[in-house]
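Biologist: Could you take me on a close look at the inside of this one? I'd like to hear about the packing first and then the open space around it.

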Amino acid sequence: MPMFATGDVRLHYTDAGTGDPALLFIHGWSSSARHWEPQARHFRRAHRVLRIDLRGHGRSPAPDLPVSGYSIPRHAEDLAALLRELGLSAVVAVGHSSGGWVALELAARFPELVQAVVVVDSGFDPAVPPGELEDHPILRHLRRGAFPEQIARSYRGMFRDFSDPALRERTAAEAARTSPLASERTVRANLSTDRARAARSVRQPVLCVYASNTPRSAREIRALMPHAQFAQVVGAGHFLQLEVPRQLNAMIRRFLQLLPREQEGV
C-alpha cells in the first residue's frame with residue numbers, strides 16, 4: 001500500500017499502468033480513490049493512472065488540523081508534492097465533485113504539472129459568508145444525528161430513482177466510514193472557498209461532464225472558462241463515474257485524443 005508523506009500528513013495512493021499522458025484521479029468530499037476503480041481498470045491499459053485518498057479520506061489518516069488543513073489549496077499542494085516526488089508533469093487531472101475544484105486549483109497554481117483538466121459534476125458556487133456558514137443546509141444536516149447516519153443519507157440523496165439500489169447503498173456505506181473530523185472540516189473549508197476562482201484562472205484545456213439531471217449549462221461553464229467543453233451523460237446521478245462508467249470513459253478518451261500535440265506528455 002503506497003504511502004506518501006507530505007508535511008503534516010501521510011497519504012495513500014495507487015499507481016498503475018504506463019503511458020502518456022498520466023492521469024490523476026481525485027475524489028470528492030467523504031469519498032475515496034475506490035470511486036475511480038472503473039476508470040483505473042479502463043485507462044491503465046494505455047496510461048499511467050494515479051489515484052489518491054485525500055487527507056482524512058479513504059486509507060489516508062485524518063490528522064487533527066484546523067479547517068485550513070483540509071482546504072482546497074492544501075489538497076492541491078499535497079497533489080503537487082506527490083507528482084514531483086514521482087517525477088511527473090503534464091498530467092491530466094480528473095476530479096469528481098469537490099475533487100474537480102482541487103483539480104482546477106492544481107492546474108491554476110501549478111500549471112507546469114497539469115496539461116488538462118476533466119471536471120466531473122462539480123458546481124461553482126461563491127464562498128458562504130462566515131456569518132452564514134453555521135446555518136448552511138449541509139452543516140445543519142450533519143448536526144441532526146450521528147455522523148455515519150447523516151453522511152449516508154446525504155449520499156443516498158445524490159442518486160436518482162433509476163440508480164442501482166445496491167450501488168447506492170454501497171457508496172453510502174463507504175462514505176459513512178469517513179473520519180467525522182476530516183469530513184466536517186473539509187466541507188467547512190469547501191463552503192468557505194470561492195469555488196469559481198481557480199476555474200477563472202485555468203488556461204489548460206478543460207472538459208466538464210455532468211449528471212443527466214444537472215442544473216448546469218454550457219453557457220454557465222463557458223462564462224467561467226470560455227475554452228471549456230461541456231458534456232452530459234444519460235441515466236446517472238452525481239456519481240456518474242460509478243453509474244455509467246463507459247459513457248464517462250468514452251468522453252475522457254476522446255478528450256485525450258483531441259489534446260493539442262504540443263501538450264501531450266513527455
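Modeller: Sure, let's begin with the packing. The largest nonpolar core has 42 residues, and Leu-104, Leu-106, Phe-124 and Met-225 are those with the most contacts inside it. Keep in mind that this is a predicted model.

Pick out Phe-124 and look at what surrounds it. Setting aside neighbours within four places in sequence, Phe-124 touches Leu-104 and Met-225, and it is also in contact with Trp-101, Val-119, Ala-196, Ala-199, Tyr-210, Ile-221 and Leu-224. Two arginines are on that contact list as well, Arg-195 and Arg-216. Apart from this core lies another one, of 24 residues, with Val-94, Ala-211, Ala-231 and Leu-259 among them.

Now slide over to Ala-103, which sits in helix α3. Ala-103 counts as buried because its relative accessibility is 0%. Leaving out neighbours within four places in sequence, Ala-103 has contacts with Ile-26, Ala-93, Gly-95 and Val-117. For a sense of distance, take Arg-222: it is 119 residues from Ala-103 along the chain, and the C-alpha atoms of the two are separated by 17 Å.

On to the open space. The largest pocket holds about 700 Å³. It is lined by 30 residues, and Ser-97, Asp-121, Ile-138, Met-158 and His-238 are the closest to its centre. Helix α3 turns up again here: α3 (98–109), α5 (147–156) and α7 (180–191) are the elements that give two or more residues to this lining. Of these, α7 gives the most, with 3 residues. As for the chemistry of the lining of the largest pocket, you get 11 nonpolar, 14 polar and 5 charged residues.

Then there's the second largest pocket, with a volume of about 370 Å³. It has 22 lining residues, and those closest to its centre are Ser-32, Arg-34, Asp-53, Gly-58 and Arg-59. The elements giving two or more residues to the lining of this second pocket are β2 (9–16) and α6 (165–176). Sorted by class, the lining of the second largest pocket comes out as 3 nonpolar, 12 polar and 7 charged residues.

If you want a route through the model, start at Phe-124 with its contacts to Leu-104 and Met-225, step to buried Ala-103, and then follow α3 to the lining of the largest pocket.

Technical notes: Residues numbered from 1 in each chain as written. Predicted model: local features only at pLDDT ≥ 70, side-chain atom pairs only at ≥ 80, totals over all residues. Heavy atoms only, no water. 1 Å grid on protein atoms, 1.4 Å probe; cavity = no way out; pocket = protein on both sides within 12 Å on 5 of 7 lines; lining within 4 Å. Points joined across faces, edges and corners; volume = space filled by probe spheres on them. Helix = DSSP H or I, 4+ residues; strand = E, 2+ residues; numbered from the N terminus. Nonpolar A, V, L, I, M, F, W, Y, C, P; charged D, E, K, R; others polar. Core = buried A, V, L, I, M, F, W, Y, C linked by side-chain atoms within 4.5 Å. Buried < 20%, exposed > 50% of the residue type's maximum accessible area, 1.4 Å probe, protein only. Contact = heavy atoms within 4.5 Å.
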